[in-house]
Amino acid sequence: MSRRSPDLVGLAAGIAAVALGGLLALDRDGAITLGAGWIAVAACAAAGVVLVTSGLMDRRD
Amino acid sequence: MGAGDEQRSAGGLRRDPEAGLVAGVLAGVGERVGVDPLLVRILFLVLVVASGGLLLVAYALAWAILPGGPAGEGERGATAPPADAPGPGRRRRGRLALGVGLLMLAVLLSFRELGIWWSDALAWPLVLAAAGVALLWRQSVADGTELDAVPTAAPSPTAPAPDRRRERRASLLRLYRGGFGVALVLGAALLFLFANDTLGAARDVAVTAIVIGVAAALILAPFLWRLGRKLAAERAERIRTQEKAELAAHLHDSVLQTLTLMQKRAGEPEEVAALARRQERELRSWLAGEDGEEGDGFAGALTAAAEQVEDAHRTAVEVVIVGDCELDERGSALVGAAREALTNAAKFAGPPISLYAEVEDGRIEAYVRDRGTGFDPAAVNAGRRGISESIVGRMERNGGSAEISSGDHGTEVQLRIDRDGA
């Protein structure tokens, strides 16, 4: 029986989305205060992680 | 499309640019989950508003990551990718570069939020200028590599149309990249001036410079246009001359040599008919654009050339070849020159004739020797094209050299050429 390797790009995108959503939820809840600057940092980091993962995975394939 | 794309798309999400309004991400999602794309679009708009626009970033990400085309195209693309599709390596490198750029931007923004920062007026123009310079530098390195790889001969007019389309597309892409790099650097300069409240003064200077530049361009335009046309005409003439010389060398080596042999053997009708048939076959295959050289590589082609001379002149040629390589344009030129030198040795000196060739990492050398009475190369009639065109001219046109030393002990022809890509 063959095992499918996990879709690491999808996994990275999911983790990034969950982390981003978690931050926004905490901000909404008032537990932390995120300014526009920090939201931009989080969005750029999430997008960057997903793109780098995608690029690296393609090279491995 | 990369292998990774195909793997993901086999059971999964793809963009559908044909059915989409922007990049086909939502149309692909609708097709994947079996929902009308219109409903997906409405839901997306609601979510964009609710998330304060953050979902647009996700859309851009999906645009960059998801493979394009309707489901099933991956399988076709695996065997016959469309001519204008970006290569998998380029897509991957583009994603990596964009990803690294975004991560660096995130780090810079973090420093800014933490207060470890000089000033917006300095840092952002520097970031923009660095990106533009990186793009221009990469472009200039790529151009330099391509220039090094330009063949010495004229481009073949019979090159397949997809190759020409790809070349045109690549040149447009280079122009676009170069323009984008210049725009980034100029944008950085303007941003710096604006942020430092000096744009007004700079604007006056810039307007003055632009007006002077336009006036100079109007004055110089006719001269530049004529210069451009002259250079193009000179290049075309140079290419025509080279092609004519190659044609003359080929006809000399094949048709003229065969006609000479036929005259020599006029008393042997069967031999003359065989020579004529062989020449006809060779000429037809040459006119059809087929490679006239036999054998798998350089060594095979050189051996075949020596055998042809042996057959045609009924003489023995001792062949020693050390090493081998693919038969490219330069190798073919050396084989042609060696064949002509062997033919001359068979015609004017007779046995023993030897051919020694050595293929090294960076170059190929060949020596054709005979023990005839020799001749004075400087005294050869200018109308005779064998040495001047078929040997020396052919080697020089292809970036090589030919030296002929002759005396009472015999004649030696030394042929040297650098290998392609070495």
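Is B:Asn344 buried or exposed? I began my notes with this residue. The model is predicted, and I keep that in mind for each entry below.

**Entry 1. B:Asn344**

I found B:Asn344 in helix α12 of chain B. Its relative accessible area is 17%. The cut-off for buried is under 20%, so B:Asn344 counts as buried. I then looked up what touches it, leaving out neighbours within four places in sequence. B:Asn344 is in contact with B:Ala349, B:Ile387 and B:Ile391.

**Entry 2. Chain B as a whole**

I stepped back to the chain. Chain B has 422 residues, and 30% of them are buried. I list 13 helices and 5 strands for its secondary structure. About 25600 Å² of chain B is exposed, and carbon and sulfur atoms supply 62% of that area. Taking the contacts in chain B with a separation of 6 or more, I note that 69% are between residues 24 or more positions apart.

**Entry 3. The largest nonpolar core**

In soluble globular proteins, nonpolar side chains tend to be buried together. I looked for such a set here. The largest nonpolar core has 29 residues, and the members touching the most others are B:Phe298, B:Leu334, B:Leu342 and B:Leu415. Elements of chain B that each supply at least two residues of this core include α11 (298-313), α12 (329-348) and α13 (385-397). Strands β2 (353-359), β3 (363-370) and β5 (410-418) of chain B also each supply at least two. Helix α12(B) gives the most, with 8 residues.

Another core lies apart from this one. It has 19 residues, among them A:Cys44, A:Ala47, B:Leu102 and B:Trp124.

I went back to B:Leu415 for its contacts, again leaving aside neighbours within four places in sequence. Among them are B:Leu334, B:Ala337 and B:Ala338. B:Ile364, B:Glu365 and B:Ala366 are also in contact with B:Leu415, as are B:Ile391 and B:Met395.

**Entry 4. Strands of chain B**

Which residues of β2(B) are on its covered face? I read off B:Ile353, B:Leu355, B:Ala357 and B:Val359. The uncovered face has B:Ser354, B:Tyr356 and B:Glu358. In a regular strand the side chains alternate between the two faces of the sheet.

Next I followed the pairing. Strand β1 (residues 317-322) of chain B runs parallel to β2(B), and 6 bridges join them. B:Glu318 stands opposite B:Ser354 in β2(B). β2(B) pairs with β3(B) in the antiparallel sense over 7 bridges, and B:Ile353 stands opposite B:Asp370 in β3(B). These two strands, β2(B) and β3(B), form a hairpin with 3 residues between them.

β3(B) also pairs with β5(B), in the antiparallel sense and over 8 bridges. There B:Glu365 has B:Arg416 of β5(B) as its bridge partner. Because 6 of the 8 residues of β3(B) are buried, I noted this strand as largely enclosed by the rest of the structure.

**Entry 5. Helix α9(B)**

Where does helix α9 of chain B bend? The helix covers residues 199-264 and bends by about 50 degrees at B:Leu220. A proline, B:Pro222, follows within four residues. I also looked up the buried residues of α9(B), which include B:Ala245, B:Ala248, B:Ala249, B:His250 and B:His252. Others are B:Asp253, B:Ser254, B:Gln257, B:Thr258 and B:Leu261. Their cover includes α10 (269-287), α11, α12 and α13 of chain B.

**Entry 6. Aromatic pairs**

How many aromatic pairs are there over all chains? My search of the whole structure gave 2. One that I looked at is formed by B:Phe44 and B:Tyr59. The pair is tilted, with 5.6 Å centre to centre and 50 degrees between the planes. B:Phe44 is in helix α3 (residues 37-50) and B:Tyr59 in helix α4 (residues 54-65), both of chain B, and the two are 15 residues apart. Both B:Phe44 and B:Tyr59 are buried.

**Entry 7. B:Leu108**

My last look-up was B:Leu108, in helix α6 (residues 88-114) of chain B. With a relative accessible area of 24%, B:Leu108 is partly exposed. Not counting residues up to four places away in sequence, B:Leu108 touches B:Trp117, B:Trp124 and B:Val127. I also checked B:Leu108 against B:Ala123: they are 15 residues apart in sequence and 9.1 Å apart in space, C-alpha to C-alpha.

Conventions: Residues are numbered from 1 along each chain as its sequence is written. Chains are lettered from A and ligands numbered from 1 in the order in which they are written. This is a predicted model: local features need pLDDT of at least 70, side-chain atom pairs count only at pLDDT 80 or more; totals for chains, interfaces and linings use all residues. Side-chain values use heavy atoms; hydrogens and water are left out. A nonpolar core is a set of buried Ala, Val, Leu, Ile, Met, Phe, Trp, Tyr and Cys residues joined through side-chain atoms within 4.5 Å. Buried means under 20% relative accessible area, exposed over 50%, partly exposed in between (1.4 Å probe, protein chains only). Contact means heavy atoms within 4.5 Å. Rings of Phe, Tyr and Trp (its six-membered ring) pair if their centres lie within 6.5 Å; planes under 30 degrees apart count as stacked, over 60 as edge-to-face and the rest as tilted. The bend at a residue is the angle between axes fitted to the seven residues ending there and the seven starting there. Accessible areas come from the Shrake-Rupley method with a 1.4 Å probe; for residues, only the protein chains shown count as cover. Two strands pair if DSSP finds at least two bridges between them.
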